[in-house]
Every structure is written in structure tokens, then in C-alpha cells.
Amino acid sequence: MLKKQRDGKLKAALKEAVIIFTAVSVLALLFNQFRDSGIDLVGDWSNEISGAGFLRISLKEAQKEFQQGRAVFLDVRSQARYQQGHIPKSLSLPYESFYESFPAIKAKISPNMKIIAYDEGKEFFFSEDLAGLLRGLGFKDIRVFLDGWSQWEEANFPVEKSDLL
């Protein structure tokens, strides 16, 4: 008789645990779905962290950050390529002349800002290298948008042309 009571209590406790776990899981999924910075549940997660330890973002994520204005885009291509076309409001910080160009950019960004470094990717991928330099200077929230300019252009997203930094 005691064994039956104990088994009944165990089954009831297990049933309650399953119900609580299910309810918490559903609430967590709903919360994630409606947050601006929610995690995509379906996607290619294989390239999320680069070999250098930086978070890589996709074209979709870059577009979302651009639309919400929550990040500063840094174009690591040459000044000439930047002038021919770039992501609107992005700042030119050519990797090849980082130390000469950085003082002007430093006045426009802070170590607490979310930064997205992008490159062209046709020959060289310098966005990760630039992210490493910025991390060494105390910047913490850095994303890498590999081949970002090519992807942005192919998607026919807005483009700016400029003579200015």
C-alpha cells in the first residue's frame, strides 16, 4: 500500500515537473520571439564565431542593425573604394592606413558602441583584422560582416557615395 502511494506521488511530481518545464519553455520562446535582439531559432550557426573569436553577422542581421540604427558601421576598404560607394552613414577606417585614420574616427565612436566592421571580401578579408585592432584599443562590442560590401550591394540595399570621411 505504501509503495502504491509513493509511486502515485512520484508520478504526480513528475507530471508537475513536465508541465512546469513546458510552460517555462513556451514563455522563453515567446519572449525571445518578441525581443528586438532575440536569437534566430533557425539559421546557419556554423560561422557565428570566427577563428579570431569575433561574432560574425549575416546580411539579414546587418540590415536589421542598420535599420534600427543601433550600430556604427566601419568600412575597412581603401578610401578610394569607400568614396565609390559604401553603406550609408558608415565611417571609413581603411585597414591599410588604420593608425593614420583612427584618430579622426575615435572622436566619432566610443568603446561602448556596437561596431560592425565590413570589407569587400573579393581579395582580402580585413574586417576581422580591424576588429582585432579595435579590441586591443578597448572596444568590446564588435561584429564582423565578412564580404559585407559585396553582399550589401548584391541585395540592392541603400548605398552612399562620398568624398568625406
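Me: What counts as a helix or a strand in the pattern of this predicted model?

Reply: Helices are DSSP runs of H or I with at least four residues, and strands are runs of E with at least two. Read along the sequence, the protein chain then gives α-β-α-β-α-β-α-β-α-β-α. In total there are six helices and five strands.

Me: Why is Leu91 called buried?

Reply: Buried means under 20% relative accessible area. Leu91 has 11%, so the residue is buried. Leu91 sits in strand E3.

Me: What does Leu91 touch, leaving out residues up to four places away in sequence?

Reply: Contact means heavy atoms within 4.5 Å. The residues that Leu91 touches are Val72, Phe73, Leu74, Asp75, Tyr82, Ile105, Lys108 and Ile109. For one of these, Val72, the C-alpha to C-alpha distance to Leu91 is 7.7 Å, with their positions 19 residues apart in sequence.

Me: How do you know that the buried residues of helix H4 are on the same side?

Reply: The buried residues in H4 (residues 98–106) are Phe98, Ser101, Phe102 and Ile105. They cover an arc of only 115° around the axis, so they lie on the same side of H4. An α-helix has 3.6 residues a turn, so residues three or four places apart point the same way.

Me: What covers that side, and what does the opposite face carry?

Reply: The cover of the buried H4 residues includes strand E2 (71–75), strand E3 (91–92) and helix H5 (127–136). On the face turned away from the buried side are the exposed residues Tyr99, Glu100 and Pro103.

Me: How many aromatic pairs are there?

Reply: Rings of Phe, Tyr and Trp pair if their centres lie within 6.5 Å, and by this rule the count is nine.

Me: Why is the pair of Phe66 and Trp152 called edge-to-face?

Reply: Planes over 60 degrees apart count as edge-to-face. The planes of Phe66 and Trp152 are at 80°, with 5.2 Å centre to centre. The angle is above the cut-off, so the pair is edge-to-face.

Me: Which parts of the chain does this pair tie together?

Reply: Phe66 lies in helix H2 (residues 59–68) and Trp152 in helix H6 (residues 148–154), so the pair ties together parts that are 86 residues apart in sequence. Phe66 and Trp152 also belong to a cluster linked by ring pairs, along with Phe73, Tyr118 and Phe157.

Me: Are Phe66 and Trp152 buried, exposed or partly exposed?

Reply: Under 20% is buried, over 50% is exposed, and partly exposed is in between. Trp152 has a relative accessible area of 0%, so Trp152 is buried. Phe66 has 24%, so Phe66 is partly exposed.

Me: What makes Leu30 eligible for a surface patch?

Reply: Patches are made of residues with over 30% relative accessible area and no salt bridge. Leu30, in helix H1 (residues 2–34), has 44% and is partly exposed. Together with Val26, Leu27 and Phe34, Leu30 forms a nonpolar patch with about 440 Å² of accessible area.

Me: What is notable about phi in Lys89 and Asp147?

Reply: Lys89 has a positive phi near 70° and is not a glycine. Asp147, likewise not a glycine, has a positive phi of about 55°. Lys89 is in the loop between helix H3 (79–84) and E3, while Asp147 is in the loop between strand E5 (142–145) and H6.

Me: Why is Lys89 called exposed and Asp147 partly exposed?

Reply: The cut-off for exposed is over 50%. Lys89 has 73%, so Lys89 is exposed. Asp147 has 25%, which is in between the cut-offs for buried and exposed, so Asp147 is partly exposed.

Definitions and conventions
Residues numbered from 1 in each chain as written. Predicted model: local features only at pLDDT ≥ 70, side-chain atom pairs only at ≥ 80, totals over all residues. Heavy atoms only, no water. Patch = residues over 30% accessible without salt bridge, like charges linked within 9 Å, V, L, I, M, F, W, Y side chains within 5 Å. Areas by Shrake-Rupley, 256 points an atom, 1.4 Å probe, with all protein chains shown as cover. Salt bridge = Lys/Arg side-chain N within 4 Å of Asp/Glu carboxyl O. Buried < 20%, exposed > 50% of the residue type's maximum accessible area, 1.4 Å probe, protein only. Arc of directions from axis to C-beta. Phe/Tyr/Trp six-rings, centres within 6.5 Å; stacked < 30°, edge-to-face > 60°.
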